[in-house]
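Here is a short guided tour to read alongside the structure. Please have the sequence and the 3D view open as we go.

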Amino acid sequence: MMSDISTLGFEYGETRQESVCRMPMGLDIVVCHEALVPLPGGGRPRPDAHRLIARESGEYLFVGVRGGGPGTPVVRRTREVFLAPGDICFYDADRPPLLDFPERVRLKVFLVPCESLGLGEGDVQQVMTAPVPRDSRLGTLLSPFLSELADTAPASPPSTGGMLAWNAVNLLATLAAEQLGRDATGTPDAQSPLLSRILGFIDLHLADADLSPEVIAGAHHISVRYLHKLFQDEGTTVGRWIQRRRLEECRRDLMLRGRGRQTIAAIAGRWGFLSATHFSRVFRAAYGMSPSQWRDTAGHGVPPRRR
């Protein structure tokens, strides 16, 4: 039965088969004491879903990505992905894979919104068929951290829980970015010179409320249609990129200046958000908490995310 532990800032519930811990940043941690079908997240496997195969008993780590969009399937019905204990495997929580696991296993599942990982439509399909081995460079770092986080999160005090959630989501975003061949900002490693100039222009004008595709295209002497194509080729849109960068700057300012004289509305306005209500709505959708919650809990003592 689910109970609300308000003093911890998240909810925790437990049944005989699984425990669920709802943390800040939209992160849910589910610990399963057997191989569940379907995997947590609410979706059901499709007939053409790929199959995850584990022949050994032990502990397995999954990252269930919520709201990844329809995307373009890149797997076939016969596709099989083999896992070893401690491997980290992404999956689409709306369209989970099939499992072929032994009875004596323990699953630790981290459910997170795709926006928090910087993933666009189709990205989830790419990362979910390439598990991160436990003995890989990032796997060596993240596998023990995620395993320990799943065990200790329910007992964490509020400040620690917020920091752990913040770090976990950003580490998972870094992991997903590397799987896609991108840097930590979600930008492809190999940018065209034009796209690099456009992204730099956007960063310089984030505070301009009238920043728009028309303004950006005009400044670079290209058509709006071609501008949209450049971003479409990278799996995102101009508007989504601008909003994401504005949210990142607001999140940083809320942490650094939120406890001073600036109000949340003032910080939002500083980065081009004309409506405080709209800002609060998109901030919550992106990070799983309100701006005030971020300022008062997760932002306290947490270093800003690298741009």
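## A buried histidine

Let us start with a single residue in this predicted model. His220 has a relative accessible area of 15%, so it counts as buried, the cut-off being under 20%. If you look for His220 along the chain, you will find it in the loop that links helix 6 (213-219) with helix 7 (224-233).

Which residues does His220 touch, once its neighbours within four places in sequence are set aside? The contacts are Leu194, Arg197, Ile198 and Phe201.

## The chain as a whole

Stepping back, the protein chain holds 11 helices and 10 strands. Of its 307 residues, 49% are buried. About 14600 Å² of the chain is exposed, and carbon and sulfur atoms supply 52% of that area.

Contacts in this chain often link distant parts of the sequence: among those with a separation of 6 or more, 75% are between residues 24 or more positions apart.

## A hairpin of two strands

Now turn to strand 3 (residues 18-22) and strand 4 (residues 28-32), which pair in the antiparallel sense through 5 bridges. One of the pairings to look for is Cys21, whose bridge partner in strand 4 is Ile29.

The two strands make a hairpin, with 5 residues lying between them. Within the turn, Met25 has a positive phi of about 70°.

## An open parallel sheet

Another sheet is open and has 3 strands, with parallel pairing in the order 7-5-9. Strand 7 (80-82) and strand 9 (98-100) each have a single partner strand and stand at the edges, so each has one side without a neighbour in the sheet. From one strand to the next, the twist averages 25°.

Where strand 5 (residues 51-53) meets strand 9, the two run parallel and are joined by 3 bridges. Here Ile53 stands opposite Asp100 of strand 9.

## Val105 and its surroundings

Is Val105 buried or exposed? Its relative accessibility is 6%, so Val105 counts as buried. This residue belongs to strand 10 (residues 105-113).

Beyond its neighbours within four places in sequence, Val105 is in contact with Cys32, His33, Glu34, Ala35, Glu56, Ser57, Gly58 and Tyr60. Take Glu56 from that list: 49 residues separate it from Val105 in sequence, while their C-alpha atoms are 8.1 Å apart in space.

## Helix 3

Helix 3 (residues 137-152) offers a simple check on geometry. At 1.5 Å a residue, its 16 residues should span 22 Å, and the end C-alpha atoms are 24 Å apart, which agrees.

Which residues of helix 3 are buried? They are Leu138, Gly139, Leu142, Ser143, Leu146, Ser147, Leu149 and Ala150. As a reminder when viewing this list, an α-helix has 3.6 residues a turn, so residues three or four places apart point the same way.

## Confidence in the model

The average pLDDT of the protein chain is 79, and 80% of the residues score at least 70. Two stretches deserve care. Over residues 71-78, pLDDT stays under 50, and the model has 17 contacts beyond four places in sequence for them. Residues 298-307 also have pLDDT under 50 throughout, with 31 such contacts in the model.

Where pLDDT is low, the predicted coordinates should not be read in detail.

Notes: Residues numbered from 1 in each chain as written. Predicted model: local features only at pLDDT ≥ 70, side-chain atom pairs only at ≥ 80, totals over all residues. Heavy atoms only, no water. Pairing = 2+ DSSP bridges. Helix = DSSP H or I, 4+ residues; strand = E, 2+ residues; numbered from the N terminus. Axes fitted to C-alpha atoms, helices over the stretch in contact; angles between N-to-C directions. Buried < 20%, exposed > 50% of the residue type's maximum accessible area, 1.4 Å probe, protein only. Contact = heavy atoms within 4.5 Å. pLDDT = per-residue confidence, 0-100. Expected span 1.5 Å × (residues − 1). Areas by Shrake-Rupley, 256 points an atom, 1.4 Å probe, with all protein chains shown as cover.
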